[in-house]
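Subject: Handover of a structure

Dear colleague,

I am passing on the structure below, together with the notes I made while going through it. Could you look at the sequence and the coordinates first, and then read on?

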Amino acid sequence: MNQPRKPRVAVVFGGRSSEHAISCVTAGSVLQAIDPEKYDVVPVGIATDGRWVLESGEAERLRINGRELPSVDGEAAPVALSQHAEATDLVVHEASQPPRTLGEVDVVFPLLHGPWGEDGTIQGMLEMAGVRYVGAGVLASAVSMDKAYMKVVLAAAGLPVMPSVVVTARDWKSDPGACRERAETLGFPLFVKPARGGSSIGISKVHDASELDDAIETALVHDPRVLVEAFADGAREIECGVLQAPDGTPQTSQPAEIRIGGDHEFYDFDAKYLPGEHTEIDIPAKLEDGVADAMRELAARTFEAVGCEGLARVDFFVMPDGSLIVNEINTMPGFTPTSMYPQMWAASGVDYPELVDRLIQLALNRDLGLR
C-alpha cells in the first residue's frame with residue numbers, strides 16, 4: 001500500500017525589491033526550522049532580475065557576514081510553476097536537459113519583503129494558479145504595503161494614525177514648492193519614507209526645511225509615492241504580533257519595545273540587521289496597567305481592518321500620555337529567530353519551529369475561493 005506523500009512546501013525568497021537580502025536571511029532561518037520529516041521542502045529563489053531558480057537552500061550562504069549581504073544565485077537552474085488540470089507542479093528547466101518536475105506544490109511560503117512580493121503581486125499570481133500560500137491575501141497585502149492607503153483604511157475603521165501627506169514623483173517634478181508647503185504643515189522634525197517599502201530602506205528623519213528635498217529625493221529612488229509623516233514626539237515604539245488561529249480568530253502576542261542605542265536616531269537598516277550594540281529589547285514591554293491589553297485589542301482590530309490572514313506585526317507609538325497610535329501593519333515581518341515577531345511569540349509560548357509549522361498548517365487549510 002502506498003504511503004501518503006508529505007505536503008510539499010516551496011519556500012520562495014529573494015525578489016526584485018531593495019529588501020532582497022533580508023528576504024534571503026529570513027529564508028535561511030525558515031528552511032532550517034521546517035521539519036523535513038513532516039514536509040518536503042523546495043527552496044525557490046527569485047533573482048534580482050526576476051528569474052525564478054532552484055536554490056540550494058544552504059543556511060550558511062543565506063546569512064549576513066559582516067556587512068556582506070546574501071543574494072539569490074541567478075545562475076542556478078530556472079524553475080517555474082506549471083499548472084494543469086489536477087494540480088500545479090514545480091518544473092526545472094536546465095540547459096541541454098529535458099524539463100524535470102519536482103512534483104505538485106501544496107503550499108508556497110513567500111518570504112518576500114517589499115514590492116513584487118509583500119504587496120499582493122505574487123499573491124495574485126498564486127491565486128490564479130490555484131496554489132495555497134502562507135500569509136495575507138491580495139487586498140490585505142496591497143493595502144498594508146502602501147502606508148498611505150493603509151492609513152486611509154485604518155482611519156476609516158476608527159483606528160488612530162499619525163498625520164501625513166503624500167508626495168508623488170509627478171507632483172515633485174511639476175511643483176516642488178507646493179509639495180514642500182504641504183509637508184511643512186506637519187512641522188519639524190518629520191519622517192520621509194517610500195510609501196511602499198520596508199526594512200527602513202529609503203527612510204529619513206528630517207530635522208528642518210533644509211533637509212527636506214534630499215529626503216524626498218532619497219525616498220523617490222525606491223517608490224514614486226512618498227509618505228511624509230509627522231513626528232511622534234516623545235513616543236515609545238512598541239510592537240505586537242498577530243497570529244491567526246485555525247478558526248480565523250486573530251491571536252496576539254506579548255508586546256515588545258525596541259530601544260535604540262548608539263548613534264541611531266531611529267530604527268534604521270543598520271540598527272535592525274547589522275552587527276553591533278544598536279538596540280535593546282524588552283519582551284514583554286514595560287507598560288502601564290491596561291496599556292498592553294489595549295494595544296493587543298488594537299492589534300487584532302488592525303489585522304481585521306485590512307482583512308489580513310496568517311500573520312502580521314502591528315507597530316505602535318505609545319504617546320507620553322499613554323494613548324496609542326497605530327504606526328503600521330507589516331504582513332510579512334522580519335522572520336529570523338532574532339527578529340521581533342518570532343521573539344514576541346517565543347515569549348508568548350510559541351517557539352520558532354512551532355510558529356513556522358502553524359503558518360504552514362493554516363495555509364494547507366486555506367480556502368482557495370475569492371478573497
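Helices here are DSSP runs of H or I with at least four residues, and strands are runs of E with at least two, both numbered from the N terminus. In those terms, Pro189 sits in the loop between α6 (176-184) and β10 (190-194), and the peptide bond that leads into it from Phe188 is cis, with omega near -5 degrees. Please keep in mind throughout that this is a predicted model.

A second cis peptide bond runs from Ile283 to Pro284, where omega is near 0 degrees; Pro284 is likewise a loop residue, placed between β16 (279-282) and α9 (291-305).

For the overall picture, the protein contains 11 helices and 18 strands. Its radius of gyration is 21 Å, close to the 21 Å that the globule rule gives for 371 residues, so the protein is as compact as a globular protein of that length. Taken along the principal axes, the C-alpha atoms fill a box of roughly 70 × 50 × 40 Å. Of the 371 residues, 53% count as buried, while the protein exposes about 16600 Å², of which carbon and sulfur atoms supply 50%. Among the contacts with a separation of 6 or more, 65% are between residues that stand 24 or more positions apart.

Two further backbone points concern the stretch around α2 (121-129). Trp116, in the loop between β7 (107-111) and α2, has a phi near 65 degrees, which is a positive value in a residue other than glycine. With a relative accessible area of 42%, Trp116 is partly exposed. Within α2 itself, Ile122, Gln123, Gly124, Leu126 and Ala129 are buried, and the helix is followed by Gly130, whose phi is also positive, near 70 degrees.

Ser23 in helix α1 (residues 20-33) deserves a look of its own. Is Ser23 buried or exposed? Its relative accessible area is 0%, and since buried means under 20%, Ser23 counts as buried. Its side chain reaches the backbone oxygen of Leu111 at 2.3 Å, and, leaving aside neighbours within four places in sequence, Ser23 is in contact with Phe13, Gly14, Leu111, Leu112 and His113.

The last strands form a clear unit for inspection. Strand β17 (residues 311-318) and β18 run antiparallel and are joined by 6 bridges, one such pairing being that of Phe317 with Ile325 in β18. The two strands form a hairpin with 5 residues between them, and Gly322 in the turn has a positive phi of about 90 degrees. Why is β18 described as largely enclosed by the rest of the structure? Because 7 of the 7 residues of this strand (residues 324-330) are buried.

Turning to the aromatic rings, the count comes to 4 aromatic pairs. In one of these, the rings of Phe191 and Phe231 have their centres 6.1 Å apart and their planes at 40 degrees, so the pair is tilted. Phe191 lies in strand β10, whereas Phe231 lies in the loop between β12 (225-230) and β13 (236-244), so the pair ties together parts that are 40 residues apart in sequence. The two rings' residues fall into separate accessibility classes: Phe191, at 14% relative accessibility, counts as buried, while Phe231, with a relative accessible area of 26%, is partly exposed. Ring pairs also link Phe109, Phe335, Tyr341 and Tyr352 into a cluster.

Phe191 appears again in the surroundings of Ser204, a residue of strand β11 (residues 204-206). Neighbours within four places in sequence aside, Ser204 is in contact with Leu190, Phe191, Val192, Ala215 and Thr218. At 16% relative accessibility, Ser204 counts as buried.

If you open the model with a few places in mind, I would begin with the cis bond from Phe188 to Pro189, go on to the tilted pair of Phe191 and Phe231, and then turn to the side chain of Ser23 where it reaches the backbone oxygen of Leu111.

With best wishes

Terms used
Residues are numbered from 1 along each chain as its sequence is written. This is a predicted model: local features need pLDDT of at least 70, side-chain atom pairs count only at pLDDT 80 or more; totals for chains, interfaces and linings use all residues. Side-chain values use heavy atoms; hydrogens and water are left out. Buried means under 20% relative accessible area, exposed over 50%, partly exposed in between (1.4 Å probe, protein chains only). A polar contact is a pair of N or O atoms within 3.5 Å; within protein, one must be able to donate a hydrogen and the other to accept it, and residues adjacent in sequence count only if both atoms are side-chain atoms. Contact means heavy atoms within 4.5 Å. Two strands pair if DSSP finds at least two bridges between them. The radius of gyration is taken over C-alpha atoms; the globule rule is 2.2 Å times the number of residues to the power 0.38. Accessible areas come from the Shrake-Rupley method with a 1.4 Å probe; for residues, only the protein chains shown count as cover. Rings of Phe, Tyr and Trp (its six-membered ring) pair if their centres lie within 6.5 Å; planes under 30 degrees apart count as stacked, over 60 as edge-to-face and the rest as tilted.
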